Amino acid sequence: MTPLEIALLSSVLTAAVIVPIMMWQGKRGRHRADQDMMRTMRKIANERTESQVILASLDFGIIAYGSDDRLIASNPVALEALSIIPDTLSGFLDRFGTDNGMRAAYYLGSDDVSGEISLNNRFLRLVCQQRPVRSNGQGFGGHVITAQDFTQIRRQEERRKDFVANVSHELKTPLTTMKSYSETLLDWGIDEKERDEIKTDVARIYDDSIRMERLITDLLLLSSIDSSGVGIQATLFDLTDCARQISDRLAAQARDKDISLGIYSMTRGPVVFADKSSIERILTNLLVNAIRYSRQGGRVEVYIGTVVDDVYVKVKDNGIGIIDNELANIFERFYRVDKTGSRQFGGTGLGLSIAQELAKMHHGRIEVESEHNLGSQFTLFLPSATRFLQKVLIEFSHKEKPQDEITRAAAILISSWLGEQDGADLDGTEALDLRTLLEIINEKVNNSMDISSVI
Ligand code: ADP
């Protein structure tokens, strides 16, 4: 072979070996680059998902605009609250920042770019802050807007203001009467008025002082309910007996208006576990109202019965009734359908709201049905003692802590019963099976009317 042939042959052989190696290496490099690229993309996707999860879990709205004013991110709360998220910061300020001064503050370079808006019956507080928003690992200036819903706080504030205004008004009215009548008597009335006239004036002063006293008692009760501080003395008692006692107490009041007052029990011994004075207070309020808002010669009926696991007392009258669009309001504090009428009868406008709160405190409720000019029926529903105590026992066996006064009282009663069983105490739920315990409760409630003092 000539040297030229040898050189040619060796370069062909070298190429045959090197080219596949290079191709293989190139492929490997590309593969590695592809893998790197995939890894980076996966990382970005993961980071994006993580930040989306974080944004979605926030309970306030958040919107971020980049340094070019363009929308970078927002969360579902922001979209829900604002309905629309403009694509640019200037668009946002035009839409949501003109009336509340945010837009002006932003363009004037103020440190405080914030404002309140009211949208779809909700109140939102918007705060726009300059933030170093990051994108693709690079930091640059942008803006983050937070939207906090403060509807609840605003409503509470309004309710508090209304409440204070109502209390002041309700106290001022009888106080003004008392002041002017006593002034007249002191100035000249005692010397110049007839004995009967003086007596009428003093009676007027007395009536208004009673009204003030009633109002203050109601207010104190409401305040203790609000702070869950009502001292509960829960016992087992028969709801029919309780309703009968109240109706007996009010019989004279009904007779004065020639109103027939009937009581009908549709069930035998509907036992409840409750604070008796609270239930008496609810029933008195419902019955007094039924008599108060019935015409002379009217009819008031009280029915006691059971539905599923609840027991109920229904107070039905054929009085003046309540128009449909007032029904939703009558449980509000100080609400009266006919302001002058109710005041004349001595109502405080707090009775039904207290009754409803007390019913709720006993895990019950009051429902109303009424037809204008035909009459109303108010029904108090309470859980039957067996159902309530069995429910508490089950919570007990799941080691749940009592959440309110009545549950706590029920837990104490149950543990005292369990203490009487062999091998069972507060944690007796482990010693005896649940079915046996539920039967014990059933039996105890059925026999409860023999027990004079339960706790
Ligand atoms: P009040 O002390 O003024 O009676 P309540 O809270 O007990 O206050 O009742 C609120 C309002 O609901 C009453 O002012 C009255 O307008 C209406 N109302 C309550 N019960 C009846 C009823 N049985 N029939 C007609 N209206 C009623």
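**Exercise 1.** Is the crossing of H13 and H16 left-handed or right-handed? Establish also how the two helices are directed and which residues join them.

*Solution.* The model examined here is predicted.

Step 1. Helix H13 covers residues 385-397 and helix H16 covers residues 434-447. Their axes lie 9 Å apart, and the packing angle is about 150 degrees.

Step 2. Angles over 145 degrees count as roughly antiparallel. H13 and H16 are therefore roughly antiparallel to each other.

Step 3. The crossing of H13 and H16 is right-handed.

Step 4. On the H13 side, the contact is formed by Ala385, Thr386, Leu389, Gln390, Leu393, Ile394 and Ser397. These residues meet Leu434, Leu437, Leu438, Ile441, Asn442 and Val445 in H16. The residues of this contact comprise nine nonpolar, four polar and no charged.

**Exercise 2.** Describe the packing of helix H9 against helix H12.

*Solution.*

Step 1. H9 spans residues 276-292, and H12 spans residues 351-361. The two axes come within 9 Å and cross at roughly 145 degrees.

Step 2. The handedness of this crossing is left-handed.

Step 3. H9 contributes Ser278, Arg281, Ile282, Asn285, Leu286 and Asn289 to the contact. H12 contributes Gly351, Leu352, Ile354, Ala355, Leu358 and Ala359.

Step 4. Sorted by character, the residues of the contact of H9 with H12 are seven nonpolar, four polar and one charged.

**Exercise 3.** Which residue forms a salt bridge with arginine 281, and where in the chain does each partner lie?

*Solution.*

Step 1. The structure contains 13 salt bridges. In one of them, arginine 281 is paired with aspartate 218, and the closest N and O atoms are 2.9 Å apart.

Step 2. Aspartate 218 belongs to helix H6 (residues 195-226), whereas arginine 281 belongs to helix H9. With their positions 63 residues apart, the pair links distant parts of the chain.

Step 3. Arg281 is also among the H9 residues that make the contact with H12.

**Exercise 4.** Determine how helices H5 and H6 are arranged.

*Solution.*

Step 1. H5 consists of residues 151-192. H5 packs with H6 at an angle of about 160 degrees, their axes being 10 Å apart.

Step 2. H5 and H6 are therefore roughly antiparallel to each other, and their crossing is left-handed.

Step 3. The contact of H5 with H6 includes 17 nonpolar, five polar and five charged residues.

**Exercise 5.** Where does the pLDDT fall under 50?

*Solution.*

Step 1. The protein chain averages a pLDDT of 85, and 85% of the residues score at least 70.

Step 2. Over residues 423-428 the pLDDT stays under 50; the model has nine contacts beyond four places in sequence for this stretch.

Step 3. Residues 451-455 also have pLDDT below 50, with four contacts in the model beyond near neighbours in sequence.

Methods: Residues are numbered from 1 along each chain as its sequence is written. This is a predicted model: local features need pLDDT of at least 70, side-chain atom pairs count only at pLDDT 80 or more; totals for chains, interfaces and linings use all residues. Side-chain values use heavy atoms; hydrogens and water are left out. Axes are lines fitted to C-alpha atoms, for helices over the stretch in contact, and angles run from 0 to 180 degrees between N-to-C directions. Helices (H or I, at least four residues) and strands (E, at least two) are DSSP runs, numbered from the N terminus. Angles under 35 degrees count as roughly parallel, over 145 as roughly antiparallel, 65 to 115 as roughly perpendicular and the rest as oblique. A crossing is left-handed if the near helix is turned anticlockwise from the far one by less than a right angle, and right-handed if clockwise. Contact means heavy atoms within 4.5 Å. Ala, Val, Leu, Ile, Met, Phe, Trp, Tyr, Cys and Pro count as nonpolar, Asp, Glu, Lys and Arg as charged, and the others, Gly among them, as polar. pLDDT is the predictor's confidence in each residue, from 0 to 100. A salt bridge is a side-chain nitrogen of Lys or Arg within 4 Å of a carboxyl oxygen of Asp or Glu.
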